[in-house]
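This report goes through the strands, the overall dimensions and the aromatic residues of one protein chain. The sequence and the model are shown first.

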Amino acid sequence: MPPSAWWAMADEKPLNVIIIGGSLAGLMHGVMLKRHGHNVRILDRSLTSARTDQAAGMGTGPQGREFFEQHDLFGEPYCFACPGFQFLDKDANIKRTLNLPLNLTSWNVLYYRLRANFDAYESEFCPNPPSASETDGSTVYDLAKRATNVAYADNLVTVEFEDLIGGGEGSVHADLVIAADGSNSSVRNCLLPSTQPTYSGYVAWRGTVPESEASQETRQFFDKRFNAFTMKRGYIVGYAMPGPDASLNSGDRLLNYVWYFNCPSSSSDFKENMTDIDGRTHRNTLPAGKMRPDIWSKHKAHAAQVLTAPFLELVNKTSEPFISTVNDCTATQASFFDGRLLLVGEALTLLRPHTGMSFNHAAVSCLLLKKVLTGEIDMVQWEREVLQYRERTMLLAIVVGSYFQFGIFGPSFLLGVIKLGFAIFRQQMEKLSWRLQSRL
């Protein structure tokens, strides 16, 4: 059956959909499919629906906002408007500003808002989740299920999984499978085993401070704008995000920062920084609460030498810092099994965080999939547009990160600009060619 043909049948009967991975990308697609009357079961490897504080601020992006406008029935504000950037010098003077409106929120707020819309999950973030409508499909959020294999036969995708609580194995058949199981995707590993995350050469030191604990001077810097400060071997950004109870009110929020720091994987610093208080060396993230006191003391001493005052205060007042490596990973295709299995979010592409577009990246594929279901585009066009957006966004993130770390004369920045410009030109030529072919 051609990739586009079976989608035309989605209007005739509800699809049985399996989503592998119940984080933001998986939930977003689940909410959209549910709203269109399809039956959705999410398989997630987590043992509980509650999530510990990710201490991660996020932007929604234009397509992320569009998704919420179309599918969020909770109704309460989930983000606050930021007018743009301001760049500080070492003396905490504002060197320049850039008016670029952003909507800032946090991982936790997005997760619990999406859960409320998906399966009416109650939390302190969404204590009164919206009820399902008569036209909604059924939903199941199935915990402790780790996908181990996928196969395709007789127009159905089979997902094999391991039960992490009860033990044993199981399998389920679906009309459509969406793999949203993150940068270390087990599904992508089955389909494209050679596609693995690679280290970019730098890490992100992260932390949050309750806004109420910061000085009035520092609070004024972070009250409205996204702040940035550059230094040798890295740069740091910071902004306000919703508080632990999802409050958007000034004084109740968290001040969040991300300090990008060049650190080759072969260096002794890398191994020391990623080794926790128990002696375990982490590959991707050293969790909050696990950093060795001597490493944090050394980092704070370095911060005192290089950071401007508002950021230095945040670093000094951080109680549970953590470190994440910045990695690259990109799959060569997004659609498999005649369009019945799709890679989305970080299972498809791991974007560097400099542009804050990971949530928007997932929203793009979700909104385009909606167009497939409504007959506006087919699966071939879905994959084409998803991969084009992925390429532009991935290259832009590399350019932004290179600019702040190495300046406009850095070789990685110049190469990145050339690659981005060529990609945009090539994509425009491809679109022109596709339009001409469609008229023939």
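In this predicted model, Gly57 stands opposite Ser106 of strand E5. That residue pair belongs to the contact between strand E3 (residues 57–59) and strand E5 (residues 94–106), where three bridges hold an antiparallel arrangement. Strand E5 also pairs with strand E4 (residues 80–88), again antiparallel, through eight bridges. Within this second pairing, Phe80 has Leu104 of E5 as its bridge partner. E4 and E5 make a hairpin with five residues between the strands, and Ala92 there has a positive phi near 70°.

Another hairpin is built from E7 and E8, with two residues between them. Its turn includes Asp154, whose phi is positive at about 55°. Strand E7 covers residues 145–153 and strand E8 residues 156–163; they run antiparallel and share eight bridges. Lys145 is matched with Asp163 of E8.

Parallel pairing is found between strand E2 (residues 39–43) and E6, which are joined by four bridges. Here Arg41 lies opposite Val140 of E6. Both strands are part of an open sheet of six strands with mixed pairing, in the order E6-E2-E1-E10-E18-E17. Its edges are strand E6 (139–142) and strand E17 (335–336), each of which pairs on one side only.

The strand pairings described above are collected here.

| Strands | Sense | Bridges | A residue pair |
|---|---|---|---|
| E3 and E5 | antiparallel | three bridges | Gly57 and Ser106 |
| E4 and E5 | antiparallel | eight bridges | Phe80 and Leu104 |
| E7 and E8 | antiparallel | eight bridges | Lys145 and Asp163 |
| E2 and E6 | parallel | four bridges | Arg41 and Val140 |

Counted over the protein chain, there are 11 helices and 19 strands. How does the radius of gyration of the protein chain compare with that of a compact globule of 440 residues? The chain has 22 Å, and a compact globule of that length would have a value near 22 Å, so the two agree. The C-alpha trace spans about 65 × 50 × 40 Å along its principal axes. Of the 440 residues, 53% are buried. Among contacts with a separation of 6 or more, 70% are between residues 24 or more positions apart. The exposed area of the chain is about 19,500 Å², of which carbon and sulfur atoms supply 52%.

The aromatic residues come next. A pair of aromatic rings is described by the distance of the centres and the angle of the planes. With centres within 6.5 Å as the cut-off, the count is 21 aromatic pairs. One of them joins Tyr112 and Tyr121, at 6.3 Å centre to centre with 20° between the planes. This pair counts as stacked because its angle is under 30 degrees. Are the two residues buried or partly exposed? Tyr112 has a relative accessibility of 6% and therefore counts as buried, the limit being under 20%. Tyr121, at 23%, counts as partly exposed.

One aromatic cluster is formed by Phe85, Phe87, Tyr202, Phe226, Tyr235, Tyr239, Tyr260, Tyr403, Phe404 and Phe413. Phe87 also has a charged neighbour: the charged end of Arg96 sits over its ring, 4.3 Å from the centre. In a second arrangement of this kind, Arg115 lies over the face of Tyr141, at 3.7 Å from the ring centre.

Key:
Residues numbered from 1 in each chain as written. Predicted model: local features only at pLDDT ≥ 70, side-chain atom pairs only at ≥ 80, totals over all residues. Heavy atoms only, no water. Phe/Tyr/Trp six-rings, centres within 6.5 Å; stacked < 30°, edge-to-face > 60°. Buried < 20%, exposed > 50% of the residue type's maximum accessible area, 1.4 Å probe, protein only. Lys NZ or Arg CZ within 6 Å of the ring centre and 35° of its normal. Pairing = 2+ DSSP bridges. Rg over C-alpha atoms; globule rule 2.2 N^0.38 Å. Contact = heavy atoms within 4.5 Å. Areas by Shrake-Rupley, 256 points an atom, 1.4 Å probe, with all protein chains shown as cover.
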